[in-house]
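Dear colleague,

I am passing on the structure below, together with some notes on what turned up in it. Please read the notes with the model open beside them.

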Amino acid sequence: MTGGLREALNRLRSFFRREPLDQDMDMATHLDFATEENVNLGMPQKEARRRALIRFGGVQQAKERQREARGLPWLDVLLQDLRYTLRTLRRDRSFTLIAVLILGLGIGANIAVFSVVNTILLRPLPFHDPQQLVRILTKNPKGGESSMTYTADAVDEFQKRNSSFQEVTGYFAFSSSEN
Amino acid sequence: MVELKLDLLQGTLDLMVLQTLATIGSQHGYGIARRIEQVSGDEILLNQGTIYASLVRLQQRGWIAAEWGTSDNNRKAKFYSITRRGRKQLVADTAHWQRLTSVMGRVLAMAQQGGIR
């Protein structure tokens, strides 16, 4: 089975290297040999060449077969299709625009809905009884709820005077420790 | 009319090329094709061009090596030769082929002896 692996690697290498098909020359030499042999048998040059070509059985087909045995024909075809697709899209701008818009809106809407459903329904807060959790804030903070901060002393004070909650705690909301 | 020539079974050409190179040593594509035709007594239908796909395949698998050289009549040609790995493969493939043909032979002989009514 190492033959198969080696073949795969060699095919990959041929695909990327794109070396010229020196088999082209090989086949030309083949036809020269065959023609020469036929001429030696007493045929005129033209007939000798014709017979040689018949025996060879289609130079283009042979090259095609040879190419298939050599690189990665399926990847070649895939890339061809991709290039064709891009060309077509470029030619028909309005179609492309509409298709992109529809796809974009569809995907965007899905993501928006899913992320809401995900946070609210699928992944609730990592505490038990999350519905009892509250955040202590002043009324209508200027920069939104997340901009509200308290000093450590204030948190201590809240904890000392707390009678309404099971417990009061604070968290450090910034990534640097300079505050 | 000439009798119809045998079509080559899938994979048999590779084996023929390997065997030919093992027998006659380094040879160019045309030489291999002619040799196979001669040995087969012109019984097989060989498009000589198909040899080249086979040669590429065998090269990719590392069973033969190729090298540019000059022929007897001073033409530049690619000369192919069997590698050590190729010889090992040839032994294995030959054994496989002989097993297959002997089984086919036995099964077909049985039918002729009246095993089937």
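How many residue pairs are in polar contact across the interface of chain B and chain A? In this predicted model, the rule finds 15 such pairs, with both residues at pLDDT 80 or more. Helix H2 (29-39), helix H3 (50-60) and strand E3 (76-82) of chain B are the elements that give two or more residues to the side of chain B that touches chain A, and H3(B) gives the most, with seven residues. By kind, the residues on that side of chain B divide into 10 nonpolar, 11 polar and eight charged.

The rule also finds five salt bridges across this interface; one of them joins the side chains of A:Glu37 and B:Arg34, with an N to O distance of 3.2 Å.

As for the extent of the contact, 29 residues come from chain B and 27 residues from chain A, and the two chains bury about 2600 Å² between them, 51% of it on carbon and sulfur atoms. Of the area that chain B buries against chain A, 28% is supplied by B:Tyr30, B:Tyr52 and B:Gln60, more than by any other three residues.

Within chain A, the axes of helix H5 (residues 73-91) and helix H6 (residues 93-122) come within 5 Å and cross at roughly 105 degrees, and H5(A) and H6(A) are therefore roughly perpendicular to each other. A:Leu89, A:Arg90 and A:Arg91 of H5(A) make this contact with A:Arg93, A:Phe95 and A:Thr96 of H6(A), a set that divides into two nonpolar, one polar and three charged residues.

With best regards

Key
Residues numbered from 1 in each chain as written. Chains lettered and ligands numbered in written order. Predicted model: local features only at pLDDT ≥ 70, side-chain atom pairs only at ≥ 80, totals over all residues. Heavy atoms only, no water. Contact = heavy atoms within 4.5 Å. Buried area = accessible area lost by both parts, 1.4 Å probe. Salt bridge = Lys/Arg side-chain N within 4 Å of Asp/Glu carboxyl O. Polar contact = N/O pair within 3.5 Å; in protein donor to acceptor, adjacent residues only side chain to side chain. Helix = DSSP H or I, 4+ residues; strand = E, 2+ residues; numbered from the N terminus. Nonpolar A, V, L, I, M, F, W, Y, C, P; charged D, E, K, R; others polar. Axes fitted to C-alpha atoms, helices over the stretch in contact; angles between N-to-C directions. Parallel < 35°, antiparallel > 145°, perpendicular 65-115°, else oblique.
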